[in-house]
Every structure is written in C-alpha cells, then in structure tokens.
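Biologist: Please take me through one part of this structure closely. Start at the edge and work your way to the centre. I want to see how the pieces fit together.

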Amino acid sequence: MPLFECIELSKAFGGLQAVDNLTFHVDQHEIVSIIGPNGAGKTTVFNLISGFYRPDYGQITLDGDDITGLPSHLITQKGIARTFQNVRLFFNMSIMENVLVGQHSRTKGGVFSVILRTPGYKREQEKARATALKQLSFFGTRLAGYRQNQPANVLSYANRRRLEIARAMATEPKLLLLDEPAAGMNPKETLEMADNIRRLRDERGFTILAIEHDMKVVGGISDRVIAMDYGKKIAEGSYKEVTDDPKVIEAYLGTQGGSFTSK
Amino acid sequence: MSIKPGIRYGIISFGILFYLSILGLPLPRTLGGFGTLALGLFWAVLVLISLVTMRETDQRRYTTIEAVTGGLLISAIAGFGMALVVGLFGRLIADGVQVNTVFAQVLPEWVGTFTGQTKQEVQAGVSATTALLRFALLMTSAGFLGAIVSRGLTHSSRERWHDWINSPFMYWLVIAMPFVFYVWYFALARGILGATNTSISGLVLACLFVTAVLVALRRVRDKRRRLVFGIAFVVMLILLPQIGDQFQNTVLNKIAIFSVVGIGLNIVLGYAGMLHLGYIAFFAVGAYAYGLLASPDSYFVINFMGGDGITFWQGLLVAAIVGALMGIIFGVPILRTRGDYLAIVTLGFGQITFLLLLNLREFTGGPGGVLDIPPPTLFGVDLGSAESILYLAMIMLAVVAFMTLRLNDSRIGRSWRAMKEDEDVAATMGINLSTTKLVAFAIGAAFAAVAGVLYATRQVNIFPDNFALKQSIDILSLVIIGGLGSIEGVVLGAVAFAGLPEILREAENYRIVAFGALLVAMMILRPQGLLPPLEHEEDIDVSDRRQDAWLQIFDAEEDDQDSAETGATGTD
C-alpha cells in the first residue's frame, strides 16, 4: 500500500477546472516531483492536500487514513507538512521560534502547565528545543548557531527557504510537500538545495512530494515525475520517460516544439 | 545651503507655536518659574526636529555653519514672529478690542505670560517692546542650542550614535535615573526641598520613576545585574505608596489597573493579532460582576443573597471565571472573521454591553450605576484606601505580567504570534486556530475582568459611562502607544494615558490636542510604540551586523554565492 494516495481528486473554481480527476500515489521513501506549465494546477493540488481547500470530488489518504477535507491543523497532525511557493515565514519571530512553532502539534502543554512551568512541560519543551535544533542543524551553520535567536526577517532569501523547510521538518511529517524549493535561487544554491532534498530522504527518511520548475533539480532528485496540464495528469514515470513524452513537450513548448531534453 | 529650508521651517515652527498658543498652551503659566526654561527647551526641540527633517529631506548632513544658520533662522523667525503676534494682541487688548470672542484663550494673562506683565499693565497698554525683544532673543538662543544638539546628532553616523547609546556612561545613567527620581520624589514629598504644593510635581516624579524603571530594566541584559536591580526596583516600588499622598496614590493605582487591562488587550491584539474594539466590555463585566454581587443596594444581593454580598476575593474569582466565559462567548461568533470585520463586530459587542448596562435598569441600576461597592478587607482590615488599592493593583499587575511573560514564551504564546503573522501557515503548522483564538480571548478577558473588580472597588460607585466606547479606544491607544506586544510598553502607555491627563489637568484644553498630536506623531515616527518588544527595537544588533559583514567577505572568499544577508530579499 502506498504511503500517500490521491484518488480522482477534482477541484473547480467557478468555471475553471483547476484539478481534474487526478490520481497518483507516493510510496514510502520516495521523491516524487510534479511538473507542469504555469496554471497547470500544481499548487492547487498542494492546497487540497494541506486542507486549504476542500476537494469537490475524490479522496486523499495518508497511511490508509482518509484525510479528505480535514482542517489544516489536523492534516499536519496526521503527518503532512508543506512549504510555500512564496516563502511564508513568521518573520517577526526568531529563527528558533519559527521551528518551535512546527513542534506545536507534537507538544501538549496547556495554559496552566505553561504558567506553572510543571516538570512535564519543561521536559516537553526541552525535547521540542532539541528537535528544533536538530532540524536547524540540517542546514549546517546557516540557521543554527549565533543566528538562531535573531528574527527570521534578517535572513537572506535562500536561508528563508531553508528555514521554511526546517520548520516543516519540525512538524515531524510522514510526507513533506515542497512547493518550488529552488525557486529564485542562483545555480549554486539550486544545486545545494537539490542535494539537501536528497539528504532529507536519505538521512532523515522523509517521503517527499515536490513541485519544481528547475528541470535540473527535477532530474537530479526525482524517483518519479508527474506532469500536469490544465489540472490533468498528462504523464507519469521516470524523469526520462516524462520529459520525452510528446504530450509533455507539447504542453511546455506547443505542437511545433522540438525535444525537451535537447534544450 | 540651509537658508531657504531654514526660512521654510521657521514659518512652519511659528505656525505650530502660534496654533498651540492660541489654543491655550500656556506653558509659562502652568509651570510657574520653570515656564521660560520649559518654553526654551520646547523651542530647542522644535528646531532640532526641523533640522533633522531638513537633513532627511536634503539627503545629506549639514556642516556646523549650515546647522547653526538654519537653527538660528528657524528660532529667530518663530521667536520674533511670536513676539510680533503677542505685541499685536497686546495692543488690540489695550485698545479695548474683544480679542477673546474669536480666540478664546487670548486674554490679558496670555499676553502677560510672554511679556512678564500683569493683567492690569496689559490692559493699560504699557509698552512691552523690550520684554518682547528679550523674549525673542531668548528663544533664538534656545534655537541655537537645538542647532548644536542637532549637529551632534545628525553629523555622527548611525554606528557612532549607536556606540554612544551603548556607552557605559549611558548605561549607568539609564540605571541611575530610577534612583534619582525616587530620591527626588521622596525628598519632595517629605518637604525636604522646601516646596509646599507638591501634589502634581510629585506625581510627575512618580511617573518618571516608573518610566525610568521600565527603561532601565530593558537596558540591563546581564542576568545577575538584572536580578540585583530588579530586586532594588521591587523594594522601591513596595515602598512607593508610603511616599505619596492620597492624590498621587489614586493616580498611580489607576495606572496599575489600566496596565492590567492593557496587558489583557495586549494578549488579544499584540500577540494574537485580533483588533478587539469592544474590549472594555470585559472590564465592565468584571466591575459589574463584583458590584452587583457585593453592593448592598444591588438587586441580586437584596433578592437572592439575603443582603450579604460576596467579598472582594470571591469577586476576583467570580470575575475571572465570568470574564473568561464572556471572552469565549463573544469569541465564538468571530472565529471566522478577520481584520477589519473583526474590529467592526467587536465594536458592536462593546456597544451591546454598554447599552445593556444602561438599559437593564432593574438589574444594573441603569444610568444610576451601582453604588456603595464595598472595599476589600483582609482579616477585618479595611483595604479601601488609595494606598491599599495601589498595593493590590501592583500585586495584580505583577501576577498578570508574570503569567503573560510565561505564556508568551511558550507553545501557546508562539501559536498566538504565529497566528498573528499568518493564519494559514499557522494552521499548516498544526495550530488549531479556533482554540488558539478562544484561549487568547478567554485569558485577555479574564485579566480585564479582575482589573474591573479592583476598579469597581476603587471607584466605589460605577456607572455605564465608565465603560463606554471612549474608554475602549483609550485602552487600545495605550497599548499601541506603549508598544504592541511588550509588557513594559503597556505599562508606559498606561502612565501616559492614566497619568498624563492628571498631570496636564491645568492645561485641560490643550490635553486633547496634545493627545491627538501625540498619536499622529507616534504612528508616523515610531509605529512600533515607545517600548516595543525587544526583537522589533532593532532588526539586528550592530555587533551582529559587523559579524555578518565579516561573514560576507568570508563567503565571497569561499566563492559561496549565498545572497547578501542584509541586502535584497526575495525576488519572488
């Protein structure tokens, strides 16, 4: 049984069928990329999975649990975390606090235990801090160390993206959704990010579903690629299979286009 | 050159001064002997602001000569302008023209405050040319002082300014200030300084002391020193009510009570980011809950409790519970509203509460209010004096502040702040928005309600008018002025909103204008508030900035193309 499955997922905004009868799955320890031209419905798929929208039709399951239409925070508790296409950090909170927020659903302390600082609450907080620090250290000294108590808005763009991933990791998800993790990065940072995504799987054991435009990253990380256009899945398979698929080439380059990989 | 802008700002300054003075800003008269000095300082500040603004507009620093020329021009134009106007009005008054039918504040005394003449002399038309000339020259020299200071401020770079602020001298000066004001306050109150009518000036010193404590506590970061000075300040605060007279303690306990209310609103607005315009309703509920269950005249006490009301301590408990419940009941319908809509709906809740208090005559006493609310007692000792209430209020403030600090630095506080910044993202971090909001409402409302109990017993008689929209706006303003999200800020805001009106009581007409101007100026110049939460005060410490600069060089050498840390952010 796959870890994560979308079955016949559909969502329309007025007359626009943003996601149309989409079925796919992600296996444990797999990295799957979704590609597609702008407006293909990739981010809508993420928004459906993470509970921002309710699907009109279809089913989403994680580990055999039906999570269709649950509110966002319950989906996160079940084990799905995401990042955003346009980085959305808590900019006025410190870097450490950003990651600690990720631990929210994994901790329990209520109002009274917080005010009284009960031993149980202290233990829980120490654990949360340790987890947060572990996630920050995933990116070496870029986020951890002297920087971790500074507000997130002092970070550079690339580090903001990294922090967003660290924050998602801190929710201890089974499935990590990365929305264009390498967008806006320079070539060197892009390569590093691709490497990081592989490490997320190999070292931390996350299963990853990513939206990505940078074909080098897609080729470098994906076990499987899903291509979308007009809300439909038009191709699925290995990177080579998908990029050679005439329908994919047509979606990106039009009918007159040449081979995608020779570009 | 600075001549043209100097003339321009001179005319603007003159306009400001003229406007304030015809509104009845009688600084010399209010402050007695210190009047001229205060006016001179005011003048200097005006020139200072003008020069800094000029520099900002010109995008460059002024040389000493330019600064002095500009400063002298500004103050001379304003000074001689004022002298001219005063002279003109003096002439008109002497000629028997009823100037005060148009400018209500322009009385013979008004002219006299500038010329040093008595009312009779002004009316008799005694020439005041020399006095006015002297006044203009005095103010011009005050402007010169402002120019020098501005030159000192604007000519140094940001880092040097920062170094100066961080110098050991400034550090110890800031720490010394609370002690200075405290001793001064003590000396004044005990008559050591020989002054007699000390109520207002003592209050000023007490307020300054509180302010200085807040600033000093923020400045001392070292843990051990924090502890030492913290204990010293606490001891001083414990003895504070012993120094003051009844008037000062009454004002101080109002400040403390409003701080508690402000801290409650700060949870809802500053942390959780929900603009609650009807927040005063919770304060009212607390006050009325105690009033109606304790006052011997109340409907409930007479009909259900056999004439025996509850005690103050029971009242606190009842108010906390009722307040929290109210917070939740008012909170549920607004869970799904955000921003502007939330503000409007909560405004409605505030009005509903006010109108219910006003119109449920049978239960609440209507406009007649609740009378004879009993004072708190402990082991039979009456704690109704201003001094005892101040102690109670300080204890309450300490407890509430402590609870808030702990909440803020916890998963609950973090979930509030995360929700404030981005609700959607907070939800994807596993935060249940509904419970998080309701917890914030419940705690904020409970704080306001217990403050309400203390307020009710302080006032003895409470009326719906104590809890009208205006008070809601006042509490909102004190939180914003002080600094959203910071407890010290809220207390300072309470000093400004509960203390300043008493201090400025003699200049009542001027007070509203000053408050309006203060609000506008604050929002433009320091939108984060007087004492904002530390992380907002400065994005990053200078030392860190230097460290980052060093890292950038290091990164470049390593050919690490990490984007510049302080440079452009986000091309997305």
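Modeller: A:Glu8 counts as exposed, because just 12 C-beta neighbours lie inside 10 Å, and 12 or fewer is the cut-off for that class. Keep in mind that this is a predicted model. A:Glu8 sits in strand S1 of chain A, which covers residues 4-13. Its backbone has a feature to note. The phi of A:Glu8 is near 50 degrees, a positive value in a residue other than glycine. Most residues other than glycine have a negative phi.

A:His29 also has a positive phi, about 60 degrees, and is not a glycine. Find A:His29 in the loop between strand S2 (16-26) and strand S3 (31-35) of chain A. With 13 C-beta neighbours inside 10 Å, A:His29 counts as partly exposed.

Now go to A:His73. This residue belongs to helix H2 of chain A, residues 72-78. A:His73 has 22 other C-beta atoms within 10 Å, so A:His73 is buried; the cut-off for that class is 20 or more. What does A:His73 touch, leaving aside its neighbours within four places in sequence? One contact is A:Ser105. The others are B:Ala427, B:Gly430, B:Ile431 and B:Asn432, in chain B. For a sense of distance, the C-alpha atoms of A:His73 and A:Val114 are separated by 21 Å, and the two residues are 41 apart along the chain.

That brings us to the place where the chains meet. Chain A puts 40 residues into the contact, and chain B puts in 36. On the side of chain B, the elements giving two or more residues are H18, helix H19 (411-421), helix H20 (423-428), H21 and helix H25 (534-537). H19(B) supplies the largest share of that side, with 7 residues. By class, this side of chain B holds 12 nonpolar, 11 polar and 13 charged residues.

Follow H19(B) away from chain A and look at its packing on H21(B). Their axes are 10 Å apart, at an angle of about 110 degrees. That angle makes H19(B) roughly perpendicular to H21(B). From H19(B), the residues that meet H21(B) are B:Ile412, B:Ser415, B:Trp416 and B:Met419. Their partners in H21(B) are B:Leu433, B:Thr436, B:Val439 and B:Ala440. This contact divides into 6 nonpolar, 2 polar and no charged residues.

H21(B) also packs with helix H18 of chain B, residues 386-408. The axes of H18(B) and H21(B) come within 11 Å and cross at roughly 175 degrees. The two helices are therefore roughly antiparallel to each other. H18(B) makes the contact through B:Ile389, B:Leu392, B:Ala393, B:Met396 and B:Val400. H21(B) answers with B:Phe447, B:Val450, B:Ala451, B:Leu454 and B:Arg458. By class, that is 9 nonpolar, no polar and 1 charged residues.

Some of those names come back in the largest nonpolar core. That core has 193 residues, and those touching the most other members are B:Val260, B:Phe283, B:Ala393, B:Ala449, B:Val450 and B:Ala451. H21(B), residues 433-459, gives the most to this core, with 16 residues. Domain 2 (168-230) and domain 3 (245-535) of chain B both give residues, so the core lies between them.

Zoom in on B:Ala451. Leaving aside its neighbours within four places in sequence, B:Ala451 is in contact with B:Ile257, B:Val260, B:Val261, B:Phe283, B:Gly286 and B:Met396. There is also a second, separate core of 34 residues, and B:Val47, B:Ile93, B:Val106 and B:Phe135 are among them.

One more residue of chain B is worth a look. B:Tyr185 lies in helix H9 (residues 168-189). B:Tyr185 has 25 C-beta neighbours inside 10 Å and therefore counts as buried. Not counting residues up to four places away in sequence, B:Tyr185 touches B:Gly202, B:Leu205, B:Ala206, B:Phe209 and B:Ile243. B:Val520 is 335 residues away from B:Tyr185 along the chain, and their C-alpha atoms are separated by 32 Å.

Finally, step back to chain B as a whole. The chain has 26 helices and 2 strands. Of its 572 residues, 44% are buried. Among its contacts with a separation of 6 or more, 77% link residues 24 or more positions apart.

How values were computed: Residues are numbered from 1 along each chain as its sequence is written. Chains are lettered from A and ligands numbered from 1 in the order in which they are written. This is a predicted model: local features need pLDDT of at least 70, side-chain atom pairs count only at pLDDT 80 or more; totals for chains, interfaces and linings use all residues. A nonpolar core is a set of buried Ala, Val, Leu, Ile, Met, Phe, Trp, Tyr and Cys residues joined through C-beta atoms within 7 Å. Helices (H or I, at least four residues) and strands (E, at least two) are DSSP runs, numbered from the N terminus. Domain bounds come from an automatic or database domain assignment. Two residues are in contact if their C-beta atoms, placed from the backbone, lie within 7 Å. Axes are lines fitted to C-alpha atoms, for helices over the stretch in contact, and angles run from 0 to 180 degrees between N-to-C directions. Angles under 35 degrees count as roughly parallel, over 145 as roughly antiparallel, 65 to 115 as roughly perpendicular and the rest as oblique. Ala, Val, Leu, Ile, Met, Phe, Trp, Tyr, Cys and Pro count as nonpolar, Asp, Glu, Lys and Arg as charged, and the others, Gly among them, as polar.
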